[in-house]
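Ready for some practice in reading a protein model? Take a look at the sequence and structure, then work through the exercises at your own pace.

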Amino acid sequence: MNPELRADCSQCFGLCCVAPAFARSSDFAIDKPAGHACPNLDESFGCGIHTRLRQRGFAGCTVYDCFGAGQHVAQAVYAGRDWRRDPASAPRMFEVFAAVRILHELMWYLTEARDLPQSTPFHEALDDALSTTRALRDAGDELTPVAAERHRGRIAPLLREVSAAVRITRGTSPGRQLIGAKLRRADLRGADLRGALLIGADLRSADLRGADVIGADLRGANLAGADLSTTLFLIQSQLDAAAGDATTKLPSRLTRPAHWR
């Protein structure tokens with residue numbers, strides 16, 4: 001996967017710790033308004049409790065992925081000029097960050113789709129989609145989260161078309177409302193799980209090869225022993241939000257979360 005789509009916090013200004021809002025919940029120990037720095041953000045833009053986030057009630061931070069938007073905005077767009085030294089730039093910087101994050105996630109999915117062996121008939125369309133997405137990201141003053149979301153809506157049908165073409169459904173199609181579902185050892189090969197609510201689902205030893213999980217909510221899902229080696233559009237934050245173990249099979253582009261057994 002393109003390195004520009006992987007977060008490099010050392011090249012960022014802690015934008016994910018400032019720009020978004022979050023509310024006190026099981027994911028966050030405090031309320032934080034948008035545009036206000038998290039109290040755990042230190043002077044060097046690092047997290048003061050990075051190694052203890054889950055223990056301190058900030059599990060939501062551990063499952064966030066900016067897809068490299070942070071370092072792009074900090075270094076490419078603002079040329080290393082941070083929001084503390086230039087407070088006047090902060091509102092626009094945070095808006096650009098939100099937009100770039102949307103576009104970088106889209107670029108991740110498009111790149112993955114382009115790399116699928118079965119996607120050859122779609123290469124021209126995927127290449128064009130990647131080019132237009134990158135051009136919008138670099139559009140300067142025209143870039144807004146609204147424009148980014150509108151662009152995502154235009155690209156989504158292409159990703160659906162690729163998914164439908166490359167998936168060979170062999171298993172069951174359990175639907176979308178799957179909170180707490182008992183799917184242990186389920187054959188979900190090629191299943192359409194786009195946007196499925198799999199919160200707390202038991203997916204131990206389930207076969208998810210070729211299943212499309214774009215946008216699926218895997219918070220608290222048990223993936224111990226599951227086969228996700230060729231799952232489509234699986235991203236790191238989905239794994240980070242779930243539970244698994246050493247026997248869970250993952251795509252080579254993703255990393256086994258440190259909190260898994």
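Here are three exercises with worked solutions on this predicted model.

**Exercise 1.** Find which residues of helix α2 are buried, and what covers them.

*Solution.* Start by locating α2, which spans residues 69–77. Next, go along the helix: Ala-69, Gly-70, Gln-71, His-72, Val-73 and Ala-74 are buried. Then look at what lies over them: the cover includes α3 (90–115) and α4 (123–137). Finally, step just past the end of α2, where Ala-79 has a positive phi of about 50°.

**Exercise 2.** Describe how α2 and α3 are arranged relative to each other.

*Solution.* First, take the axes: those of α2 and α3 come within 8 Å and cross at roughly 130°. An angle between 115 and 145 degrees counts as oblique, and therefore α2 and α3 are oblique to each other. The crossing of α2 past α3 is right-handed. Now list the partners: Ala-69, Gly-70, His-72, Val-73 and Val-77 of α2 meet Met-93, Val-96, Phe-97, Val-100, Arg-101 and His-104 of α3. Sorted by class, this contact has seven nonpolar, three polar and one charged residues.

**Exercise 3.** Work out which helix gives the most residues to the largest nonpolar core.

*Solution.* Begin with the core itself, which has 49 residues. Among the members touching the most others are Leu-110, Leu-159 and Leu-223. Helices α3, α4 and α5 (145–166) each supply at least two residues, and α3 gives the most, with six. To finish, zoom in on Leu-110: beyond its neighbours within four places in sequence, its contacts include Leu-126, Leu-130, Ile-155 and Leu-159.

Notes: Residues numbered from 1 in each chain as written. Predicted model: local features only at pLDDT ≥ 70, side-chain atom pairs only at ≥ 80, totals over all residues. Heavy atoms only, no water. Buried < 20%, exposed > 50% of the residue type's maximum accessible area, 1.4 Å probe, protein only. Helix = DSSP H or I, 4+ residues; strand = E, 2+ residues; numbered from the N terminus. Contact = heavy atoms within 4.5 Å. Axes fitted to C-alpha atoms, helices over the stretch in contact; angles between N-to-C directions. Parallel < 35°, antiparallel > 145°, perpendicular 65-115°, else oblique. Left-handed = near helix turned anticlockwise from the far one by under 90°. Nonpolar A, V, L, I, M, F, W, Y, C, P; charged D, E, K, R; others polar. Core = buried A, V, L, I, M, F, W, Y, C linked by side-chain atoms within 4.5 Å.
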